[in-house]
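This report walks through a single chain for a reader who has not met it before. It starts with the ring pairs and then moves outward to the helices around them.

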Amino acid sequence: MNTDPVIPLWFSAYSTLVAVLAVALLVAAFVSVLRSPGLSAAARVVWIVAIWLVPVLGPLAWFAWRWLHRRTEPSNDPPSAPPP
């Protein structure tokens with residue numbers, strides 16, 4: 001039972017959920033940076049510092065950069081044969 005007369009129970013639950021999601025995003029970004037094979041050591045340090053200093057925007061920037069980088073780099077898969 002909520003005993004705080006100032007903060008409603010729904011707000012407390014919502015803020016806890018937002019905090020848990022922010023921490024999960026932070027951890028996922030750290031793991032993703034550390035497991036990225038194409039990054040140099042200096043780039044890893046820069047991304048980790050950016051993620052740490054800007055907790056929500058840093059991970060979002062990392063995932064956006066990674067998504068754009070993967071879409072623009074050429075694929076290692078052999079080209080498919082044209083349809084007959």
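In this predicted model, the count of aromatic pairs comes to four when ring centres must lie within 6.5 Å of each other. One of these pairs is formed by W47 and W62, whose rings sit 5.1 Å apart from centre to centre with 70 degrees between their planes, an arrangement that counts as edge-to-face. Because W47 belongs to helix α2 (residues 41-53) and W62 to helix α3 (residues 57-72), this pair ties together parts of the chain that are 15 residues apart in sequence. Both W47 and W62 are buried.

W47 also pairs with W65, and here the geometry is tilted, with 5.6 Å between the ring centres and 45 degrees between the planes. This second pair likewise links distant parts of the chain, since W47 lies in helix α2 and W65 in helix α3, 18 residues away. Taken together, ring pairs join W47, W62 and W65 into a cluster.

How buried or exposed are the residues discussed here? The table lists the relative accessible area of four of them, each with its class.

| Residue | Relative accessible area | Class |
|---|---|---|
| W47 | 17% | buried |
| W65 | 33% | partly exposed |
| S36 | 10% | buried |
| R66 | 25% | partly exposed |

The value for W47 is under the 20% cut-off, which is why W47 counts as buried, whereas W65, at 33%, falls between 20% and 50% and therefore counts as partly exposed.

The two helices that carry this cluster can be described next. Helices α2 and α3 pack at an angle of about 140 degrees, with their axes 7 Å apart. Since an angle has to be over 145 degrees to count as roughly antiparallel, α2 and α3 are described as oblique to each other. Which residues of α2 and α3 meet? On the α2 side they are W47, A50 and I51, and on the α3 side they are G58, P59, A61, W62 and W65. Sorted by class, the contact of α2 with α3 has seven nonpolar residues, one polar residue and no charged residues.

Helix α1 (9-35) comes before a loop that leads to α2, and S36 lies in that loop. S36 is buried, and, leaving aside residues up to four places away in sequence, S36 touches R44 and W62. Helix α1 itself has 27 residues and reaches 39 Å from its first C-alpha to its last, which is close to the 39 Å expected at 1.5 Å a residue. Its buried residues are L26, A29, F30, S32 and V33, and the buried residues of α1 pack against α2 and α3. As general background, an α-helix has 3.6 residues a turn, so residues three or four places apart point the same way.

One further residue of α3 is R66, which counts as partly exposed at 25% relative accessibility. The C-alpha atoms of R66 and V33 are separated by 9.2 Å, although these residues are 33 apart along the chain.

Seen as a whole, the chain has three helices and zero strands, and from the N terminus on its elements run α-α-α. Buried residues make up 15% of the 84 residues in the chain. Among contacts between residues at least 6 apart in sequence, 41% join residues at least 24 apart.

Methods:
Residues numbered from 1 in each chain as written. Predicted model: local features only at pLDDT ≥ 70, side-chain atom pairs only at ≥ 80, totals over all residues. Heavy atoms only, no water. Phe/Tyr/Trp six-rings, centres within 6.5 Å; stacked < 30°, edge-to-face > 60°. Helix = DSSP H or I, 4+ residues; strand = E, 2+ residues; numbered from the N terminus. Buried < 20%, exposed > 50% of the residue type's maximum accessible area, 1.4 Å probe, protein only. Axes fitted to C-alpha atoms, helices over the stretch in contact; angles between N-to-C directions. Parallel < 35°, antiparallel > 145°, perpendicular 65-115°, else oblique. Contact = heavy atoms within 4.5 Å. Nonpolar A, V, L, I, M, F, W, Y, C, P; charged D, E, K, R; others polar. Expected span 1.5 Å × (residues − 1).
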